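Student: Could we go through this model together, one question at a time? I would like to see how each answer is reached.

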Amino acid sequence: MAHTFTGLVDGLEHVALALGGRVEPQPSLPCGEDTTPLVRLHSECLTGDVFGSRRCDCGPQLNEAVRRISAAGGYLLYLRQEGRGIGLYPKLEAYVLQDRGLDTYEANLALGFGADERDYTVAVQMLLALDAPRVRILTNNPDKPSQLERLGIEVTRVEPTAVHASPANVRYLTAKARSGAHNLRLPGWPGD
Ligand SMILES: Nc1nc2c(ncn2[C@@H]2O[C@H](COP(=O)(O)OP(=O)(O)OP(=O)(O)O)[C@@H](O)[C@H]2O)c(=O)[nH]1
Ligand SMILES: [Zn+2]
């Protein structure tokens, strides 16, 4: 089932897909399966999610999230945070700068934006409206559980997503791991 939300703090329309059978908030059973809803906060990426661009890992992550949440029960929150919150045209300008040698964060800064402008208050508003104050979250980005917890959502577990590396996105993923503190084990890195 799809829910759309308006009237949230940023004034944009955001979408939640309820997937799988068990989406009601339930306490974890002592010896059983964890039935806490599995949730992904997916930031909009028109180029990767819709057009299949291989510069980033968004499309494969979106597919993985739909598959895993459908199996476990939970919510995919599709957040209108294109370009880590800077918008589509500036993201395309940032790509031009990356083609000239800047990394994904340096390019945002060179354009006068923050490295990552995403604020997850809207996700908290959506989760509370869905009666899901307690969640498992699917991400490699520590900022997501950290912001949710700070804003009053109980994150019982952080489930990593797979690393969808390819020659076209390895520079981007390396910057996410080195400068963005994402928990990514990249091929060829120590400990891999
Ligand atoms: N500004 C900018 N945004 C980008 C770039 N590449 C992807 N994005 C955006 O980044 C967002 C996805 O963020 P990521 O940092 O890839 O991943 P994440 O969502 O923080 O982390 P995970 O939950 O582990 O996937 C989407 O909004 C994309 O549009 C880029 O080079 N520059
Ligand atoms: Zn992307």
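Student: Which residues are the closest to ligand 1?

Tutor: This is a predicted model, and in it 23 residues surround ligand 1. By kind, the residues of this shell divide into five nonpolar, 12 polar and six charged. The closest of the surrounding residues are Ser43, Cys45, Thr139, Asn140 and Asn141.

Student: Which element gives the largest share of the shell around ligand 1?

Tutor: The elements that give two or more residues to the shell are helix H2 (58–72), helix H3 (88–99) and helix H4 (104–110). The largest share, three residues, comes from H3.

Student: How far apart are the end C-alpha atoms of H3?

Tutor: H3 has 12 residues, and because a helix is expected to advance 1.5 Å a residue, H3 should span 16 Å. The distance in the model agrees with that expectation, since the end C-alpha atoms are separated by 17 Å.

Student: Why do the buried residues of H2 line one face of the helix?

Tutor: The buried residues of H2 are Cys58, Gln61, Ala65, Ile69 and Ala72. Seen down the axis of H2, these residues fall within an arc of 65°, so they line one face. On the other side of H2, Asn63, Arg67 and Ala71 are exposed. The reason for the single face is therefore the arc of 65°.

Student: Against which elements do the buried residues of H2 pack?

Tutor: H2 has 15 residues and reaches 21 Å from its first C-alpha to its last. Its buried residues pack against one helix and several strands, namely helix H1 (46–50), strand S2 (14–19), strand S3 (38–43), strand S4 (74–79) and strand S5 (134–138).

Student: Which residues have the most contacts inside the largest nonpolar core?

Tutor: The largest nonpolar core has 26 residues, and the elements that give two or more residues to it are S2, S3, H2, S4, helix H5 (121–129) and S5. One of its residues, Val39, is in contact with Gly74, Tyr75, Leu77, Val135, Arg136, Ile137 and Leu138, leaving aside its neighbours within four places in sequence. Those with the most contacts inside the core are Val39, Tyr75, Leu77, Ala123 and Leu127.

Student: Is Arg84 buried or exposed?

Tutor: Arg84 lies in the loop between S4 and H3, and it has a positive phi of about 55° although it is not a glycine. Most residues other than glycine have a negative phi. For the question itself we count neighbours: a residue with 20 or more other C-beta atoms within 10 Å is buried. Because Arg84 has 22 C-beta neighbours inside 10 Å, it counts as buried.

Student: Is Asp131 buried or exposed?

Tutor: Asp131 is found in the loop between H5 and S5, and its phi, near 60°, is a positive value in a residue other than glycine. A residue with 12 or fewer other C-beta atoms within 10 Å is exposed. Since Asp131 has 11 such atoms within 10 Å, it is exposed.

Student: Which residues does Pro160 touch, not counting residues up to four places away in sequence?

Tutor: The place of Pro160 is in the loop between strand S6 (154–159) and helix H7 (170–178). Pro160 is exposed, with 12 other C-beta atoms within 10 Å. Not counting residues up to four places away in sequence, Pro160 touches Asn140 and Asn183.

Definitions and conventions: Residues are numbered from 1 along each chain as its sequence is written. Chains are lettered from A and ligands numbered from 1 in the order in which they are written. This is a predicted model: local features need pLDDT of at least 70, side-chain atom pairs count only at pLDDT 80 or more; totals for chains, interfaces and linings use all residues. A residue is near a molecule or strand if its C-beta atom, placed from the backbone, lies within 6 Å of it. Helices (H or I, at least four residues) and strands (E, at least two) are DSSP runs, numbered from the N terminus. Ala, Val, Leu, Ile, Met, Phe, Trp, Tyr, Cys and Pro count as nonpolar, Asp, Glu, Lys and Arg as charged, and the others, Gly among them, as polar. The expected span of a helix is 1.5 Å times one less than its number of residues. The arc is that of the directions from the helix axis to the C-beta atoms. Two residues are in contact if their C-beta atoms, placed from the backbone, lie within 7 Å. A nonpolar core is a set of buried Ala, Val, Leu, Ile, Met, Phe, Trp, Tyr and Cys residues joined through C-beta atoms within 7 Å.
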